[in-house]
Amino acid sequence: MAGGLAFRLSEGIKNTGKPPIPQAYAWGDAYRATKDRPLLDMSQGVPGVPPPPLLLDALAKASSAPSSCGYLPNAGEPALRQAMAEEMKVRYGADADITPDDIAITAGCNMAFVAATMALADAGDEVILPVPWYFNHEMTLTMLGIKPVLLHTYAKEGFMPSPERCAELITPKTKAIVLCSPNNPTGAIYPHSLLASFAKLAHERNVALIIDETYRDFITSGAPHHLFSPAASESAPSSIPAGWSWRNTFIHLFSFSKSYCIPGHRLGLVCASPALIPFINTALDNLQICAPRPPQVALAPLVPALRSFVRETAEAVAHRHTLFRERLPERWKIGSQGGYYAFVRHPFPGVHANEVCKRLAMEMGVVTLPAGFFGPKGEEGETVMDEDRWVRFSVANVDDRKVELVCKRLAESELVFLDWKLDSSLNWICGYNF
C-alpha cells in the first residue's frame with residue numbers, strides 16, 4: 001500500500017527500538033535445513049516442554065467455563081493472589097512477610113514492568129538499568145520518555161552490577177534501579193549479598209529497587225534472596241539496614257511463563273507495598289483491565305501440586321547447562337551462566353557478535369542472539385571491542401541432543417569461517433559464576 005500517514009506518530013514510539021528476535025529468525029529462515037542438518041534454535045527464551053497434563057486439563061476446563069468469561073478486579077483472581085503469597089513463603093522462606101494484598105496479577109511480566117514504571121516515573125525522569133539489558137526493559141523506558149541510565153557490567157566481574165558504580169549514577173531525577181536475576185541475557189545469578197547491597201543503596205537514596213525475577217525458580221541452590229524477611233529475622237541479610245521493611249523500597253516482578261511453561265497464557269505478577277498497588281492497578285486498568293481469567297482460575301488451586309514439576313524442570317535446565325559447558329569448544333568462553341541462558345564470547349577477535357550470529361544462523365543452522373541486541377547500538381565502523389563479542393545461548397528450549405549438536409556446529413564454524421582469525425590462546429580468565 002502506497003502513501004504515508006496524515007498524522008504525526010508518537011516521539012516515544014519512534015525512538016523505541018524494534019524487538020530484535022525477529023531479526024535472528026530472519027537469519028534462520030535463510031538456512032537450508034535438511035533431515036540430517038536441522039535448524040537448531042537457541043535464541044528466544046521459551047520453555048522446552050509443555051505444562052503437565054494436570055495443568056493442561058485445568059486450563060481446558062477453566063477456558064470453557066462460562067464463569068471464566070467475565071472481568072476480574074484489576075489486582076487479579078483473589079485465590080491466585082493467596083496461592084502465590086503462600087508459594088513465595090515456600091520459595092523465599094517461611095519468615096517472608098508477604099500477603100495477598102501485596103500482589104497484583106498482570107498479563108505477563110513485561111506488563112508488570114510497564115505498570116510499575118508508569119506508577120513510579122514521569123517523562124524526563126531517570127531509571128538505572130544494567131547493561132547488557134533485557135531489551136523490553138529499555139524499550140519500555142524509551143517509549144514512556146524515561147531516560148535509561150546505563151550501569152555497565154563486565155565479563156571480568158561475572159557481569160555482576162556494581163552498587164558502588166550505581167551510587168555514582170543516582171541523581172535527583174532517579175526514580176528506580178532495575179535488576180534482573182537470574183539475568184537476561186547474561187544468565188548471571190546475583191548473590192544474596194549483592195542484592196542486599198542494592199536494597200540498602202535504594203533504601204538510603206529513597207529510590208525504588210525493581211527486581212525482575214522471571215527465572216527465580218531455576219535457582220536450584222536455595223532461596224533467591226531474603227529481602228522479604230524482616231530485619232530481625234535470622235535469614236535477613238546482615239547488610240540490610242536496621243528497621244528494614246521491604247515494602248518501603250522493593251518491587252518484585254515475576255512471570256508464570258517459564259516456571260509453569262505457559263508463555264502463551266500471559267500471566268505475571270507485581271509484589272509491592274499495598275500503598276503502591278492501587279497506583280499500579282490504575283495503570284493496569286488502562287492497559288489490560290484484568291489479566292486473562294482462565295489461567296488464573298486454573299492455576300490457583302494447583303500451585304502446591306505443581307512444585308515437583310517446577311523443580312524437575314529447573315533440574316533439567318541445570319543439567320543442560322552442565323552439558324553445554326562440557327561440550328562447548330575450548331575457544332568459546334562462558335562469561336556467566338544460569339536461569340535460561342549462557343553468555344558466551346565467540347573466538348573470532350575483531351568480529352562483531354552480530355556478524356557471527358548472522359553467519360551461525362545462515363550457514364551453520366544455529367540461531368542465537370548477539371550482545372548487540374542487549375545494549376545501545378554502536379556507530380558503523382566502530383572498533384570491535386571485547387564487549388561486542390558476546391553471544392546469548394538459551395539452553396532451555398532445546399533437548400540434550402540438540403545441545404550437543406549445537407556445540408559440534410560451533411566447532412565446525414571454526415573450520416568454515418576461514419576469513420576470520422581465531423583466538424590464538426585458549427587461556428582466558430573471567431568472572432564466571434554458576
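**Rings, helices and a few unusual backbones**

Let me open with Phe159, which counts as buried, because its relative accessibility is 5%. Phe159 sits in the loop between strand S4 (147-152) and helix H7 (163-169). Its backbone deserves a look as well: phi is positive, about 60 degrees, although Phe159 is not a glycine. Before I go on, please keep in mind that this is a predicted model.

Phe159 has a good counterpart in Asn206. Phi of Asn206 is also positive, near 60 degrees, again in a residue other than glycine. You will find Asn206 in the loop between H8 and S6. Is Asn206 buried or exposed? Asn206 is exposed, with a relative accessible area of 71%.

While we are on the backbone, let me show you two cis peptide bonds. One joins Val131 and Pro132, with omega at about 5 degrees. Pro132 belongs to the loop between S3 and helix H6 (135-143). Another cis peptide bond joins Asn184 and Pro185, and there omega is about 25 degrees. Pro185 has its place in the loop between strand S5 (174-180) and helix H8 (192-205).

Now to strand S3 itself, residues 126-131, where we find Ile128. Ile128 is buried, and its relative accessible area is 0%. What does Ile128 touch, if we leave out residues up to four places away in sequence? The list runs Val149, Leu151, Cys166, Leu169, Ile170, Thr174, Ala176, Ile177 and Val178. Take Ile170 from that list: 42 residues separate it from Ile128 along the chain, yet the two C-alpha atoms are 7.8 Å apart.

Leu267 is another buried residue, with a relative accessible area of 1%. Leu267 lies in the loop between helix H9 (256-259) and strand S8 (268-271). If you measure on your screens from the C-alpha atom of Leu267 to that of Met111, you should get 9.0 Å, for two residues that are 156 apart along the chain.

On to the aromatic rings, my favourite part. How many aromatic pairs does the structure hold? There are 21. Let me pick out the pair of Tyr215 and Tyr340: the ring centres are 5.2 Å apart and the planes stand at 55 degrees, so this pair is tilted. Tyr215 comes from the loop between strand S6 (208-212) and strand S7 (250-255), and Tyr340 from the loop between strand S9 (333-338) and strand S10 (341-345), so the pair ties together parts that are 125 residues apart in sequence. Both Tyr215 and Tyr340 are buried.

Compare that with Phe343 and Trp390, an aromatic pair that is stacked, at 5.7 Å centre to centre and with 5 degrees between the planes. Why does this pair tie together parts that are 47 residues apart in sequence? Because Phe343 lies in strand S10, while Trp390 lies in strand S13 (residues 390-394). Phe343 is buried, with a relative accessible area of 1%, and Trp390 counts as buried at 1% relative accessibility.

There is also an aromatic cluster to point out, formed by Tyr92, Phe228, Trp246 and Phe250.

Some rings have a charge for company. The charged end of Arg216 sits over the ring of Phe254, 3.8 Å from the ring centre. Similarly, Arg359 lies over the face of Trp420, at 4.7 Å from the centre of the ring.

Arg359 takes us neatly to my last stop, since it is one of the H13 residues that meet H14. When two helices pack, we describe them by the angle between their axes and the distance between those axes. For helix H13 (residues 353-364) and helix H14 (residues 400-416), the angle is about 100 degrees and the axes are 11 Å apart. H13 and H14 are therefore roughly perpendicular to each other. On the H13 side, the contact involves Arg359, Leu360, Glu363 and Met364, and these meet Arg409, Leu410, Glu412, Ser413 and Val416 in H14. What is the make-up of this contact by class? It has four nonpolar, one polar and four charged residues.

That is my tour; thanks for listening, and I am happy to go back to any of these places.

How values were computed. Residues numbered from 1 in each chain as written. Predicted model: local features only at pLDDT ≥ 70, side-chain atom pairs only at ≥ 80, totals over all residues. Heavy atoms only, no water. Phe/Tyr/Trp six-rings, centres within 6.5 Å; stacked < 30°, edge-to-face > 60°. Helix = DSSP H or I, 4+ residues; strand = E, 2+ residues; numbered from the N terminus. Buried < 20%, exposed > 50% of the residue type's maximum accessible area, 1.4 Å probe, protein only. Lys NZ or Arg CZ within 6 Å of the ring centre and 35° of its normal. Axes fitted to C-alpha atoms, helices over the stretch in contact; angles between N-to-C directions. Parallel < 35°, antiparallel > 145°, perpendicular 65-115°, else oblique. Contact = heavy atoms within 4.5 Å. Nonpolar A, V, L, I, M, F, W, Y, C, P; charged D, E, K, R; others polar.
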